[in-house]
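Hello,

Here is the structure I promised to hand over. Please open it first, then read my notes below.

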Amino acid sequence: HGGIPNNVAVALQSRLSDCREALVQAIVAAAPDVLSDMENGVRAILNDPWGIRSPEDLAASLAVSLEDLNTQLGRGSRRVKRLEHVITLVRGLAFEHLTRQLGVRANRALALVGMRDRTNLRRQWRRASYLLARAT
């Protein structure tokens with residue numbers, strides 16, 4: 001669980017599960033061009049933020065091939081450069097929602113979305129921000 005004590009991780013996951021569906025909907029609504037067909041993918045990332053680290057992990061959790069996942073995300077105006085960017089988009093939007101809307105402290109929100117530190121999140125967010133720009 002990213003170096004946090006197990007009891008803290010369990011408590012954080014419990015708090016997140018209470019509002020998970022609302023969080024899924026908020027994330028999809030924030031980037032509909034990219035995520036409208038990916039509600040199950042968003043759920044998968046939020047359900048196992050430390051287990052889904054790569055596109056291969058996401059595809060396996062959705063029981064689809066990596067090629068099928070890539071095809072699904074590459075339709076229309078959603079030109080996804082890298083599947084990792086979609087995972088980052090979900091993590092970044094979840095972090096923002098948790099901290100801004102739900103008042104979760106930044107360090108706890110990072111743990112909930114599967115990130116270790118803000119610097120890493122910011123760096124990855126910059127790389128994936130083109131997806132959000134297209135969604136708005």
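**Salt bridges**

Glu84 and Arg82 form a salt bridge, with their closest N and O atoms 3.3 Å apart. The term means a side-chain nitrogen of Lys or Arg within 4 Å of a carboxyl oxygen of Asp or Glu. Before I go on, note that this is a predicted model: local features need pLDDT of at least 70, side-chain atom pairs count only at pLDDT 80 or more, and totals for chains, interfaces and linings use all residues. Residues are numbered from 1 along each chain as its sequence is written, and side-chain values use heavy atoms, with hydrogens and water left out.

How open are the two partners? Glu84 is partly exposed, at 30% relative accessible area. Arg82 is partly exposed too, at 47%. Here is the scale: buried means under 20% relative accessible area, exposed means over 50%, and partly exposed lies in between (1.4 Å probe, protein chains only). The areas come from the Shrake-Rupley method with a 1.4 Å probe, and for residues only the protein chains shown count as cover.

How many salt bridges does the structure hold? There are 3. Glu21 and Arg43 make one of them, at 2.8 Å from N to O. Glu21 sits in helix α1 and Arg43 in helix α3, so this pair ties together parts that are 22 residues apart in sequence. Glu39 also forms a salt bridge with Arg43, and here the closest N and O atoms are 3.2 Å apart. Glu39 and Arg43 are 4 residues apart in helix α3, so about one helical turn separates them. Glu21, Glu39 and Arg43 are thus linked in a network of salt bridges.

Each member of that network is partly exposed. Glu21 has a relative accessibility of 40%. Glu39 has a relative accessible area of 26%. For Arg43 the value is 21%.

**The fold and its core**

What is the chain built from? It has 8 helices and 0 strands. Along the sequence the pattern reads α-α-α-α-α-α-α-α. Helices (H or I, at least four residues) and strands (E, at least two) are DSSP runs, numbered from the N terminus. Of the 136 residues in the protein chain, 44% are buried.

Now look inside. The largest nonpolar core has 39 residues. Those with the most contacts inside it are Ile27, Leu35, Val42, Leu58, Leu89 and Leu93. Which helices supply this core with at least two residues each? They are α1 (6–30), α2 (32–35), α3 (39–47), α4 (55–62), α5 (66–73), α6 (83–101), α7 (106–113) and α8. Helix α6 gives the most, with 9 residues. A nonpolar core is a set of buried Ala, Val, Leu, Ile, Met, Phe, Trp, Tyr and Cys residues joined through side-chain atoms within 4.5 Å.

Helix α7 deserves a second look. In α7, 6 of the 8 residues are buried, so the helix is largely enclosed by the rest of the structure. The buried ones are Ala106, Ala109, Leu110, Ala111, Leu112 and Val113. Gly114 follows α7, and its phi is positive, near 85°.

**The loop between α4 and α5**

Ala63 lies in this loop. Its phi is positive, about 60°, although Ala63 is not a glycine. Is Ala63 buried or exposed? It counts as exposed, at 70% relative accessibility.

Ser65 is found in the loop between α4 and α5 as well. Ser65 is partly exposed, at 32%. The C-alpha atoms of Ser65 and Pro55 are 10.0 Å apart, with their positions 10 residues apart along the chain.

**A charged patch**

Which residues gather in a patch of positive charge on the surface? They are Arg118, Arg122, Arg123, Arg126 and Arg127. Patches are made of residues with over 30% relative accessible area and no salt bridge; like charges are joined within 9 Å, and nonpolar side chains (Val, Leu, Ile, Met, Phe, Trp, Tyr) within 5 Å. Lys and Arg count as positive and Asp and Glu as negative, while His and the chain ends are not counted. The place of a charge is taken as NZ of Lys, CZ of Arg, CG of Asp or CD of Glu.

Arg118 is in helix α8 (residues 118–135). Arg118 is partly exposed, at 42%. Arg126 lies in α8 too. Arg126 counts as exposed, at 59%. Its C-alpha atom is 9.9 Å from that of Leu89, and the two residues are 37 apart along the chain.

Best wishes
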